[in-house]
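Reader: Please guide me through the backbone and side-chain features of this model, with the criteria behind each one.

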Amino acid sequence: MIDARGYSCPMPVVMVQKAVQSDAPATLEVLLDNPCSVENVTRFATNSGYQVEVHPADEDEYRLVLTKP
C-alpha cells in the first residue's frame, strides 16, 4: 500500500511508478487526498496496463485499487 496523502503531484505518480517498476505487483492500493492526483495516478496506471478502481475513503480522501488483468 502506498500512502500518498499530503503529497502534491507529481510525487504520488512517482511513488506509484517506483512501486510498479521495482515490484510489478499484481495488486496495489494507493491512498490519495487530492482529486488531481487521483486523475494523474489513474492515467499512469492505465497506461502501465493496470485496471483502476477509485473508492472514496473519507471526505476528500480516495483509495485506488490497481489490478493487473
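Reader: What is the relative accessible area of Asp60?

Author: Asp60 is classed as exposed, on a scale where buried means under 20% relative accessible area, exposed over 50% and partly exposed in between (1.4 Å probe, protein chains only). The model is predicted, so local features need pLDDT of at least 70 and side-chain atom pairs count only at pLDDT 80 or more, while totals for chains, interfaces and linings use all residues. Residues are numbered from 1 along each chain as its sequence is written, and side-chain values use heavy atoms, leaving out hydrogens and water. Asp60 counts as exposed because its relative accessible area is 54%.

Reader: Where is Asp60 found?

Author: Although not a glycine, Asp60 has a positive phi of about 60°. Helices (H or I, at least four residues) and strands (E, at least two) are DSSP runs, numbered from the N terminus. In these terms, Asp60 is found in the loop between strand 3 (51-58) and strand 4 (61-67).

Reader: Which residue does Arg63 pair with in a salt bridge?

Author: A salt bridge requires a side-chain nitrogen of Lys or Arg within 4 Å of a carboxyl oxygen of Asp or Glu. For Arg63, the closest N and O atoms of the pair are 3.6 Å apart. Arg63 lies in strand 4 and its partner in strand 2, so the pair ties together parts that are 34 residues apart in sequence. That partner is Glu29.

Reader: Which residues are linked with Arg5 in a network of salt bridges?

Author: One salt bridge of Arg5 is with Asp3, at 2.6 Å between the closest N and O atoms. Another joins Arg5 to Glu61, where that separation is 3.3 Å. Since Glu61 belongs to strand 4 and Arg5 to the loop between strand 1 and helix 1, this second pair ties together parts 56 residues apart in sequence. The network therefore links Arg5 with Asp3 and Glu61.

Reader: Why is Cys36 too far for a bond with Cys9?

Author: A disulfide is a pair of cysteine sulfur atoms within 2.5 Å, and by this rule the count comes to 0 disulfides. Cys9 is partly exposed, because its relative accessibility is 29%. The closest cysteine sulfur to that of Cys36 is in Cys9, and they are too far apart for a bond because the distance is 4.6 Å.

Reader: Which residue does a cis peptide bond join to Cys9?

Author: The omega of this cis bond is about 15°. The residue joined to Cys9 is Pro10.
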